[in-house]
Amino acid sequence: MTLRVERDKESGVAVVTLDRERKHNAIDLETAAELADTWRGFRHAEDVRAVVLTGAGPAAFCTGIDRGVRVPQPASPYSVDDPLLSVGPKANDLWKPVVAAVNGMACGGAFYLLGESEFIVSSRTATYFDPHTTYGMVSAYEAVYMAQRMPFGEAARMALMGTAERLSAQRAYEIGLVSELSAPEELLPAAVRAARTLAGYPTEAVQGTVRALWSAKQAALAQALAQAPALISLGNLPPERQADLFTGRRASAPEPLIR
């Protein structure tokens, strides 16, 4: 199992932990399937009324898709098979509130998860960045999700600057991406405390409010995401060239600017 799920029936809170610490909680195909199954299972779990999502260990919340994953792609430039499209709660029709507790790095495909969480509680030592452009890849789904949660200029800078910069937790808080900062050791208790409050209210009212909030942006989100497959197909370098960039940069990359 690559996902750890703990339920507190008394409070109604479930804590979901990405449990691949040695891989910086990168998502492989097994983890993607477990996430989808977990969210769909929570739809029927009356003892789960709010969820906290986090990553194992202090180094990373999630670093996106595991680079060892190979997903065969259709020849059409209008289609992309992306295993991360089904990893979020909203993609699985879960409208119980999800609080993300971000420890360490959150980058790339992590934004599929953060983009479908209600709000983010962040460790003060966390950082946020999007490496796609550095390695010849289009940031499409990630950029769309973040453009809905951040000021446009900040989302554009993060998506375009790649690995050259990382957004600090403090800056993420200042621009509204993060709703609460905590010391690393207080991160999970802070997120659970918020989730317990949500779980203590009538769940019908809470879920209705979640849906109302998402209805304010779902039309624009759906339209934007519909463009992603073609943009990725047309703009991504071939996988072997991406791998060359990744390997070469790892050996010589300067320290990123933390802003």
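Here are some worked exercises on the sheets, salt bridges and empty spaces of a predicted model.

Before we start, residues are numbered from 1 along each chain as its sequence is written, and side-chain values use heavy atoms, with hydrogens and water left out. Since the model is predicted, local features need pLDDT of at least 70 and side-chain atom pairs count only at pLDDT 80 or more, while totals for chains, interfaces and linings use all residues.

**Exercise 1. Work out the strand order of the 6-stranded open sheet and find its edges.**

Step 1: get the terms straight. Strands (E, at least two residues) and helices (H or I, at least four) are DSSP runs numbered from the N terminus. Two strands pair if DSSP finds at least two bridges between them.

Step 2: read off the order. It goes β1-β2-β3-β5-β7-β10, the sheet is open, and the pairing is mixed.

Step 3: look at the ends. β1 and β10 (180-182) each have a single partner strand, so one side of each lacks a neighbour in the sheet.

Step 4: check the twist. Ignoring direction, neighbouring strands here are turned by 20° against each other on average (axes are lines fitted to C-alpha atoms, for helices over the stretch in contact, and angles run from 0 to 180 degrees between N-to-C directions).

Step 5: zoom in on the β10 end. Strand β7 (residues 119-123) runs parallel to β10, joined by 3 bridges. S123 sits opposite S182 of β10.

**Exercise 2. Do the same for the 5-stranded open sheet, and pair up residues on both sides of β9.**

Step 1: the order is β4-β6-β8-β9-β11, again with mixed pairing. Here β4 and β11 are the edge strands with a single partner each, so each has one side without a neighbour in the sheet.

Step 2: take the β8 side. Strand β8 (residues 127-129) and strand β9 (residues 165-168) are antiparallel, with 2 bridges. T127 faces S168 in β9.

Step 3: take the β11 side. β9 and strand β11 (residues 257-258) run parallel and share 2 bridges. E165 has L257 as its bridge partner, and R166 has I258.

**Exercise 3. Count the salt bridges, then describe three of them and the network.**

Step 1: apply the rule. A salt bridge needs a side-chain nitrogen of Lys or Arg within 4 Å of a carboxyl oxygen of Asp or Glu. That gives 14 salt bridges.

Step 2: try D47 and R7, whose side chains meet at 3.5 Å, N to O. D47 is in the loop between α1 (29-42) and β3 (50-55), R7 is in strand β1 (residues 3-8), and the two are 40 residues apart. R7 is partly exposed at 45% relative accessible area (buried means under 20%, exposed over 50%, partly exposed in between, with a 1.4 Å probe and protein chains only).

Step 3: move to D66 and R20, with the closest N and O atoms 2.9 Å apart. D66 lies in the loop between β4 (60-62) and β5 (98-102) and R20 in the loop between β2 (13-18) and α1, so this pair ties together parts 46 residues apart in sequence. D66 is buried at 12%, and R20 is buried at 15%.

Step 4: finish with R171 and E174, at 3.3 Å between the closest N and O atoms. They are 3 residues apart in helix α5 (residues 169-174), which means about one helical turn separates them. R171 is partly exposed at 27%, and E174 is partly exposed at 48%.

Step 5: follow the links. E154, R157, E165, R171, E174 and R259 form a network of salt bridges.

**Exercise 4. Describe the largest cavity and the second largest pocket.**

Step 1: set the rules. On a 1 Å grid over the protein atoms alone, a cavity is a set of points where a 1.4 Å probe fits but cannot get out; a pocket is an open set with protein on both sides within 12 Å along at least five of seven lines; lining residues have an atom within 4 Å of a point. Points are joined across faces, edges and corners, and a volume is the space filled by probe spheres set on them.

Step 2: take the cavity. The structure holds 1 cavity of 30 Å³ or more, and the largest cavity has about 50 Å³ of space. Its lining includes Y128, M158, E165 and R259. β8, α4 (152-161) and β9 each give two or more residues to this lining. By class, the lining has 5 nonpolar, 1 polar and 4 charged residues (Ala, Val, Leu, Ile, Met, Phe, Trp, Tyr, Cys and Pro count as nonpolar, Asp, Glu, Lys and Arg as charged, and the others, Gly among them, as polar).

Step 3: take the pocket. The second largest pocket holds about 230 Å³. It has 13 lining residues, with E118, F119, V210, L213 and W214 nearest its centre. Helix α7 (residues 203-215) gives the largest share of that lining, 5 residues.
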